[in-house]
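The exercises below are meant to be worked through with the coordinates open beside the text. Each task is followed by a solution that proceeds step by step.

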Amino acid sequence: LDAGASAFFAPGLLDEATVTALVDALGPQKVNLIGIPGSLPLETMQRLGVARVSYGPWSQNVALTAYADLVESALDGGGVPDGTRKLN
């Protein structure tokens, strides 16, 4: 930040104490995190002063998980899983 960066990206599975320490050290709206399984809820990150949350490859993983579920269902003699939404 001293060299001119507008924010600090801290990837990884961080607990509330670590995020709080980062925000306290760097300032509110200066810490960017990645959303991964087991991450703090977005509401908690916002309350702690996190600037931004990105999901990296996880959005693709969510889509591919849904596709794998369809393939598994089809191979088992089923079809499109219940609860599948039409989005287009």
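**Exercise 1. Overall dimensions**

What radius of gyration does the protein chain have, and what value would a compact globule of 88 residues have?

Solution. Bear in mind from the start that this is a predicted model. A compact globule of 88 residues would have a radius of gyration near 12 Å, whereas the protein chain has 18 Å. Next, turn to the box taken along the principal axes, which the C-alpha atoms fill and which has dimensions of roughly 60 × 25 × 20 Å. For burial, 19% of the 88 residues of the protein chain count as buried. The area exposed by the protein chain is about 6400 Å², of which carbon and sulfur atoms supply 58%.

**Exercise 2. Order of elements and contacts**

Determine in which order the helices and strands follow one another, and then consider how the contacts and charges are distributed.

Solution. The protein chain contains three helices and three strands, and, read from the N terminus on, these elements run β-α-β-α-β-α. Among contacts with a separation of 6 or more, 31% join residues that are 24 or more positions apart. As for the charges, the protein chain carries 5 positive and 9 negative ones, and the mean positions of these two groups are 12 Å apart.

**Exercise 3. The nonpolar core**

Which residues make up the largest nonpolar core, and which element gives the most to this core?

Solution. The core has ten residues in all, namely Ala10, Val19, Leu22, Val23, Val31, Leu33, Leu40, Met45, Leu48 and Val50. Assigning these to elements, one finds that α1 (16-26), β2 (31-34) and α2 (42-48) each supply at least two residues of the core. Helix α1 gives the most, with three residues. Now take one core member, Leu40, and list its neighbours: leaving aside residues up to four places away in sequence, leucine 40 touches Leu14, Asp15, Glu16, Val19, Met45 and Leu48.

**Exercise 4. Phenylalanine 8 and its surroundings**

Where is phenylalanine 8 placed, and which residues does phenylalanine 8 touch?

Solution. Phenylalanine 8 has its place in strand β1. Because its relative accessibility is 38%, which lies between the limits of 20% and 50%, phenylalanine 8 counts as partly exposed. When residues up to four places away in sequence are not counted, phenylalanine 8 touches Leu1, Leu22, Leu26, Lys30, Val31 and Asn32. A further check concerns valine 23, which is 15 residues apart from phenylalanine 8 in sequence and 9.8 Å apart in space, C-alpha to C-alpha.

**Exercise 5. Backbone of glutamine 29**

What is the value of phi at glutamine 29, and where is glutamine 29 found?

Solution. Begin with the general expectation that most residues other than glycine have a negative phi. Glutamine 29, a residue other than glycine, has a positive phi near 65°. Glutamine 29 is found in the loop between α1 and β2, and it counts as partly exposed because its relative accessibility is 46%.

**Exercise 6. Separation in sequence and in space**

For threonine 44, glycine 4 and alanine 74, decide on the class of exposure and then compare sequence separation with distance in space.

Solution. Threonine 44 lies in helix α2 and is buried, because its relative accessible area is 13%, under the 20% limit. The C-alpha atoms of threonine 44 and alanine 63 are separated by 25 Å, although these residues are 19 residues apart along the chain.

Glycine 4 belongs to the segment before β1 (8-10) and counts as exposed, because its relative accessibility of 62% is over 50%. From glycine 4 to glycine 38, 34 residues apart along the chain, the C-alpha atoms are separated by 31 Å.

Alanine 74, finally, is found in helix α3 (residues 58-75), and its relative accessibility of 44% makes it partly exposed. Alanine 74 and threonine 20 are 54 residues apart in sequence, with their C-alpha atoms 46 Å apart in space.

Key: Residues numbered from 1 in each chain as written. Predicted model: local features only at pLDDT ≥ 70, side-chain atom pairs only at ≥ 80, totals over all residues. Heavy atoms only, no water. Helix = DSSP H or I, 4+ residues; strand = E, 2+ residues; numbered from the N terminus. Rg over C-alpha atoms; globule rule 2.2 N^0.38 Å. Buried < 20%, exposed > 50% of the residue type's maximum accessible area, 1.4 Å probe, protein only. Contact = heavy atoms within 4.5 Å. Areas by Shrake-Rupley, 256 points an atom, 1.4 Å probe, with all protein chains shown as cover. Lys, Arg positive; Asp, Glu negative; His and termini not counted. Charge placed at Lys NZ, Arg CZ, Asp CG, Glu CD. Core = buried A, V, L, I, M, F, W, Y, C linked by side-chain atoms within 4.5 Å.
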